[in-house]
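Me: I would like to go through this model by asking, for each label, what justifies it.
Reply: Then let us set values against definitions, beginning with the notion of contact.

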Amino acid sequence: MVRFGLVIAALTLFGCEGSIALPAPVIAHPGPGIEPLQQPVARLHLLTTAQFTNSLHDLLGADVVVSEVEPDVDQDGFASVAASQLAISPAGVEAYEKAIGGATEVAFATDAKIVALFGCSPISVSDLGCLRKALTTLGRRAYRRPLTEAEVQRFLSVVTDIGTESSDAREGLRYAIWAMLESPSFLYRTELGEPDPTGRLKYTSAEMASRLAATLWATGPDVLLLDAADKDELSTAAGVRAQATRMLADARARAAFAGWVDDLYNTEHLASTIKDTTLYPSWNSSLRDAMHEELILRVDDLVFSRRGDFLSLYDARTTFVNDQLAAHYGLVSPSATGFREVSLPDATGRRGLLGGGALLSSNALPQRTSPTQRGRFVAEIMLCKSVPPPPPQVITNIETSADAGVTLRSQLELHRQNPACSGCHTLMDPIGLGLERFDSVAVARESDHGHPIDASGVLDGAAFQSAAELATRVREHPNAGPCFVKKLYTAAQGRSVLEADTEALNTLSASFAANGRRADQALIDLVSSDAFRYVEPQAR
Amino acid sequence: MLRGVLAAGATVALPLPRLAGMLDGNGLAYADGQKLPVRFGTWFFGNGIIPSRWNPKNVGVGADWALSEALAPLLAVKPWLSVISGMQNKVPGLYAHKSYPAGALTGAQAMAAGDVQLPSIDQLIAKLNPATAFPSGLHAGLCNTTGAGALDLCCSFNGPNQPNPPDYSPTSLFSKLTQFSTNTRATDPSLLRRKRILDAVNEDAKALRTRLGAEDKSRLDRHLTGVDELQQRLVSLAAPHVCGDVTDPKVAYPDRGDDGVITKARNQAFAELLVFAMSCDVTRVFTYLFSSAACHGSYADAGLDNVTFHEDYGHRKSPRGSEMATEGFQQGVTYTMARLAELLERMKNTPDVTGTLLDNSAIYITSCVADSINHGNTDFPLLLAGKAGGAFKGDVHVRGNDDSVSRVPFTVLKALGGTATSFGLDEGRVETGVPELLKA
């Protein structure tokens, strides 16, 4: 039963107006006695699972096996935001202990491996030359700064205790490294800044090295970055730009950007997407994986090979497919091994990222499409509009009908005649209906319940007749560029956007537009901006 | 030096099966005077119910009332069951699948990101009796698919920004618990070493802590609580274990399905592991996320279509029509209660120091909404199972008059020794429980 009084009150409360939320600092209930944040503040950033795993591989060798740790949590669309907010549970601490212990066991399995890691293998607990070298060299990369002498002594005492008890200095060193990597100084990026004449806090060069490595590589700094920090070269925007430019030419940048794309487009949801295989027998895990690969290849090719306009992906006429995906899309493509670039024919209207299986399938229901979900995806993820959840006590299944001969469009139009629903659904459904010529698993189709599909609509005043035209309207939308920048910024900063970020975002959006809307350039502008180099102190 | 370090300062209760011979003459406490602990669990399922098919028709005790259609699978444990109907979740439904579960678990509104403002009931109870190998409890989950937000995959929170995510892997939980099963091995030297390096971690963290603001200090302190608990556990592990064997899910349930999937076999595996943990006194608190708030997982194991239970059945969006979806949803709720029964019956059949494990436990069962179809907040699903060591009557159906849901967890908190004079915050705050549930 729909309770109209409550609904009207709720709609008023939610402010369902559909304007772009740039910035959107609304945290309705931050907690008892906690005021909503107005200024970005310095904080600890827990390593995301990717950063943790990559760091262990960098520190201990690519062959170490890293067991599962507490999974990332998504806040405001990104794992990095939650990692800067949440505390690790006791079970999570135990998982770290197990993962790091297992990794050190592999890394210390033979004397040769120890020598490969440190350039020496300690012959006794008195072999301070080797032990200090091992601890300070690995410690500098693990802590993303040089160790203090107190820290060196702390870990040397571990070596002494355990090396003596086990009569094996190597075992002592292994446990000391285990301790170092279990320490919050490794598990959290400690970027607290130092007082600056501007009155704000300025991140130190070492902290900037940490921020750059986490943002651009999803790992810790390499030696070159730490050397630059030691020379204080990262205290200037120019120094940061130079390192960022170097880093973006490295393969680690491609992997990190793919991780950002996974967060942005919520491909974890794709992995758990259920389809009714009696209706869609082609759906299986390899098809799902191919859709994911298609998405990543498109972005990687555009950003790192072509270095082109990121928004051109929104209505691109080419994509990457393997044989299975080509057949699924009905594309005529010569059989070949692996993925290759193909042109998309005009006939189906399949264009750009929105025409890809990853986004179409993960934003649909198991037995049918969902224009509401697809429209919400475009509104929230590509245009940064704020779409509230359904008000309480509202039955949300009005769009469902078992009647043959009724298209989803006509059901949704009925839905939007209900004033309780129209406010928010108007933000979503007309967009999603533009994608109705693709079924729940992204196969092109012409009819719904025996009726020809009308894929026309209007996006904020711009009319479209098909999915292809919708894709272009999304690319041309004034929110598209600023929204992309906002998403990059949110992930890089590891926090939700605040009012105080408005000027920085406007500046970055303007340079994004002026520089051919290149994602790599946007990243360089972002990490070298004052907003990324300065911060406010946290309340004590 | 390391030798002997573990024995010093050890305050943890060593894992032991409960035996009547350990009691004082009255059978009400251990011979050393310690009060018999009551075990607590939160058993959470997503997507709510159909109130008309959940609520028993009559109120009363014993033969006065009969189980409803949805609760029928709980027949074997009816004498231990308390049904509380007619209660209202008073927390405003700002974010349907976040506000109401936060209200039922913490008594307070959720934050926008799905986080909470107050600790959940299990963590309040865990602090009453922390001297076990897992002081913050064990947290397991069956279905790892949600449509609401990642934090909605949790039903245990130590406070704001401090979730206890569930472990979806029976083999992972087994690997933790099997260390406490009976064995004859010599003391593993790595236990001493692992405890030693955690001392170094603590020292390192202390130096870092002085540089942090208030929020980060709180986060770091939570991390160090985990370090302390791990050290406490290493102490327990170094002691002889006489808890018997714990069932290996790989052996007993080889075809149980992937982690995160709803199957009877996975549920049974978890039930056996949790019963072992409580019976052996490895922990006195657990949470079990049968399915998350707004669970989008499939209930194919219940005989339903391989679709999202939340959308296709809970919100009746199946293209096969709302009548089919309604019956399917009810079938899913009944299936869920049958899985709950598997845990409760195992507890009923597990001897404890006096009576059975179910006699000495309080299990709080609730969901993320009341009526699934409209995110309802009245007639909220609330059950208690177990006698809480004699505190609860059991076999009772109490019906409220839109009274606050918070009164139920508050009743449990008080029954288990909590001294708080209220539970919850703002609209969800209460100062009274449900006295009709308590034994006179």
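Reply: Two residues are in contact if their C-beta atoms, placed from the backbone, lie within 7 Å. The model discussed here is predicted. By that criterion B:Leu437 touches B:Ser82, B:Leu384, B:Phe392, B:Lys393, B:Val396, B:Val398 and B:Thr411, leaving out residues up to four places away in sequence.

Me: Why is B:Leu437 called buried?
Reply: A residue is buried if 20 or more other C-beta atoms lie within 10 Å of its own. B:Leu437 has 22 other C-beta atoms within 10 Å, and therefore B:Leu437 is buried. The residue is found in the segment after H11 of chain B, and its C-alpha atom is separated by 9.3 Å from that of B:Asp395, although the two are 42 residues apart along the chain.

Me: What makes E3(B) and E7(B) a pair of strands?
Reply: Two strands pair if DSSP finds at least two bridges between them. Three bridges join E3(B) to E7(B), so the criterion is met, and the two run antiparallel. In this pairing B:Ser82 has B:Leu384 in E7(B) as its bridge partner, and both of these residues are among the contacts of B:Leu437.

Me: How many bridges join E6(B) to E7(B)?
Reply: Four bridges join E6(B) to E7(B), which run antiparallel, and against a cut-off of at least two bridges they therefore count as paired. The bridge partner of B:Ile363 in E7(B) is B:Ala385.

Me: What makes both faces of E7(B) covered?
Reply: On one side of E7(B) stand B:Leu382 and B:Leu384, on the other B:Leu383 and B:Ala385, and all of them are buried.

Me: Which strands are the edge strands of the sheet in chain B, and what makes them so?
Reply: Eight strands of chain B form an open sheet with mixed pairing, in the order E2-E8-E3-E7-E6-E1-E5-E4. Strand E2 (60–61) and strand E4 (138–141) are the edge strands, as each pairs on one side only.

Me: In what sense do strand E1 and strand E5 of chain B pair?
Reply: Strand E1 (residues 39–45) and strand E5 (residues 285–289) of chain B pair in the parallel sense over five bridges, with B:Phe40 standing opposite B:Val285 in E5(B).

Me: Which strands does helix H11 of chain B lie across?
Reply: Helix H11 (residues 407–415) of chain B lies across strand E3 (81–88), strand E6 (361–367), strand E7 (382–385) and strand E8 (396–404), and runs at about 165 degrees to E6(B). Angles run from 0 to 180 degrees between N-to-C directions, so a value of about 165 degrees places the two directions towards the antiparallel end of that range.

Me: Which residues touch the most other members of the largest nonpolar core?
Reply: That core has 283 residues, and A:Leu216, B:Leu274 and B:Ala362 touch the most other members. For B:Leu274 the contacts include B:Leu138, B:Ala140, B:Phe286, B:Tyr288 and B:Leu343, residues up to four places away in sequence not being counted. As background, nonpolar side chains tend to be buried together in soluble globular proteins.

Me: How do you know that the radius of gyration of chain A agrees with a compact globule?
Reply: With 540 residues, a compact globule would have a radius of gyration near 24 Å, and chain A has 26 Å, which agrees. Along the principal axes, the C-alpha atoms of chain A fill a box of roughly 85 × 55 × 45 Å.

Me: Are A:Arg144 and A:Ala442 buried or exposed?
Reply: The cut-off for buried is 20 or more other C-beta atoms within 10 Å. A:Arg144 has 25 and is therefore buried, while A:Ala442 has 26 and therefore also counts as buried. A:Arg144 is found in the loop between helix H6 (128–143) and H7 of chain A, with phi near 60 degrees, a positive value in a residue other than glycine. A:Ala442 is found in the loop between helix H20 (419–432) and strand E7 (447–448) of chain A, and has a positive phi of about 80 degrees although it is not a glycine.

Me: How many residues of chain A are in contact with chain B?
Reply: 65 residues of chain A are in contact with 67 residues of chain B. H7(A) gives the largest share of the chain A side, seven residues, and by class that side has 35 nonpolar, 17 polar and 13 charged residues.

Terms used
Residues are numbered from 1 along each chain as its sequence is written. Chains are lettered from A and ligands numbered from 1 in the order in which they are written. This is a predicted model: local features need pLDDT of at least 70, side-chain atom pairs count only at pLDDT 80 or more; totals for chains, interfaces and linings use all residues. A nonpolar core is a set of buried Ala, Val, Leu, Ile, Met, Phe, Trp, Tyr and Cys residues joined through C-beta atoms within 7 Å. A residue is buried if 20 or more other C-beta atoms lie within 10 Å of its own, exposed if 12 or fewer, and partly exposed in between; C-beta atoms are placed from the backbone. The radius of gyration is taken over C-alpha atoms; the globule rule is 2.2 Å times the number of residues to the power 0.38. Ala, Val, Leu, Ile, Met, Phe, Trp, Tyr, Cys and Pro count as nonpolar, Asp, Glu, Lys and Arg as charged, and the others, Gly among them, as polar.
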